[in-house]
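Colleague: Please take one part of this model and look at it closely for me, starting from what packs around it and then following the chain and its contacts outwards.

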Amino acid sequence: MRITLTALQKMAHEGNRITQLTCYDASFASLLEGAGVETLLIGDSLGNVLQGHESTLPVRLRDIVYHTECVARGAKRAFIIGDMPFGTFQVSPQDTFRNAAEIMAAGAHMVKLEGGRPMLETVRFLTDRGIPVCGHLGLTPQSVNQMGGYKVQGRQQSDAERLLEEAQLLEEAGAGMIVLEAIPAALAKQITAAVRGPTIGIGAGVDCHGQVLVLHDMLDIYPGKKAKFVKNYMRPGGTIQAAVELFVKEVKAKTFPGPEHSF
């Protein structure tokens with residue numbers, strides 16, 4: 001039976017941790033959900049790990065649509081989330097809806113977009129029209145040039161207060177899930193307690209409702225520099241199947257991320 005947003009929200013409410021990995025094709029979609037991963041993200045990280053770009057900015061809508069179609073063919077149970085690429089949602093709500101509708105038609109059950117307060121009108125517009133939205137706060141890779149690099153966000157009190165407020169505002173606007181990336185663990189815990197959830201952490205400590213990693217990072221395939229919050233699961237796992245199963249086990253047991261993966 002297909003995992004739904006309602007089921008994920010129930011898991012968060014009951015304290016059952018949610019697992020999420022990026023996924024870009026049918027074969028991995030089948031393997032990941034078979035290993036127990038509940039949610040698959042067709043991330044704009046494909047720009048780095050598949051296309052060889054230095055950032056996610058060159059990824060186009062057609063790329064996300066194509067890979068969403070591939071994942072949807074392979075996943076029979078997992079909840080599928082499609083990233084909205086740079087330039088496809090920093091537009092009018094009406095244009096964002098048209099772009100999001102393409103991703104949904106390709107097989108996604110939710111779209112993800114980056115940003116807080118400036119995105120509230122868009123989030124409300126989409127959710128009012130039947131498109132579930134996952135927010136993304138903290139380090140937002142599409143804004144890396146404005147941020148001056150891949151830096152931890154929310155260390156200053158004013159920034160922490162802003163992120164907390166934006167998480168609550170996103171939820172009020174209709175966001176059904178929020179990714180928290182590269183923020184202090186204590187702040188992520190505070191945000192998680194302040195929203196109904198689910199919150200999905202990546203470099204945000206162990207207290208989020210769930211955890212996500214880029215597949216090629218946790219399998220140690222991507223040759224580039226790894227972030228502090230990445231754990232190499234191939235080393236102890238030995239095989240892809242075992243590595244993914246270990247990731248699921250550790251997230252469920254709340255042993256990942258450890259302090260060494262947090263800020």
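Modeller: The buried residues of α12 are covered by a set of elements that includes β1 (18–22), α2 (26–34), β8 (210–213), α10 (215–218) and α11 (234–237), where contact means heavy atoms within 4.5 Å and buried means under 20% relative accessible area, with exposed being over 50% and partly exposed in between (1.4 Å probe, protein chains only). Helices (H or I, at least four residues) and strands (E, at least two) are DSSP runs, numbered from the N terminus. The model is a predicted one, in which local features need pLDDT of at least 70 and side-chain atom pairs count only at pLDDT 80 or more, while totals for chains, interfaces and linings use all residues. Residues are numbered from 1 along each chain as its sequence is written, and side-chain values use heavy atoms, with hydrogens and water left out.

The residues of α12 that are buried are A243, V244, F247, V248, E250 and V251. In an α-helix there are 3.6 residues a turn, so residues three or four places apart point the same way. Helix α12 itself (residues 240–253) has 14 residues and reaches 20 Å from its first C-alpha to its last, close to the 20 Å expected at 1.5 Å a residue, the expected span being 1.5 Å times one less than the number of residues.

Beyond the helix comes K254, whose phi is positive, near 65°. In the segment after α12 lies P257, which is joined to F256 by a cis peptide bond with omega of about 0°.

P257 leads on to G205, which touches A185, Q211, P257 and S262 when residues up to four places away in sequence are not counted. G205 sits in the loop between β7 (199–202) and β8 and is buried, with a relative accessible area of 1%. A second cis peptide bond can be described on the other side of β7: G197 and P198 are joined by one, with omega of about 0°, and P198 belongs to the loop between α9 (185–194) and β7. The loop between β6 (177–181) and α9 holds A182, a residue other than glycine whose phi is nevertheless positive, near 50°, and which is buried, at a relative accessible area of 3%.

Returning to the elements that cover α12, D220 is placed in the loop between α10 and α11. D220 has a positive phi of about 60° although it is not a glycine, and D220 is partly exposed, with a relative accessible area of 41%.

For a separate view of helix packing, α6 (residues 120–128) and α8 (residues 157–173) pack at an angle of about 25°, with their axes 8 Å apart; axes are lines fitted to C-alpha atoms, for helices over the stretch in contact, and angles run from 0 to 180 degrees between N-to-C directions. That angle makes α6 roughly parallel to α8, given that angles under 35 degrees count as roughly parallel, over 145 as roughly antiparallel, 65 to 115 as roughly perpendicular and the rest as oblique. On the α6 side L120, V123, R124 and T127 take part, and they meet L169, L170 and A173 in α8.
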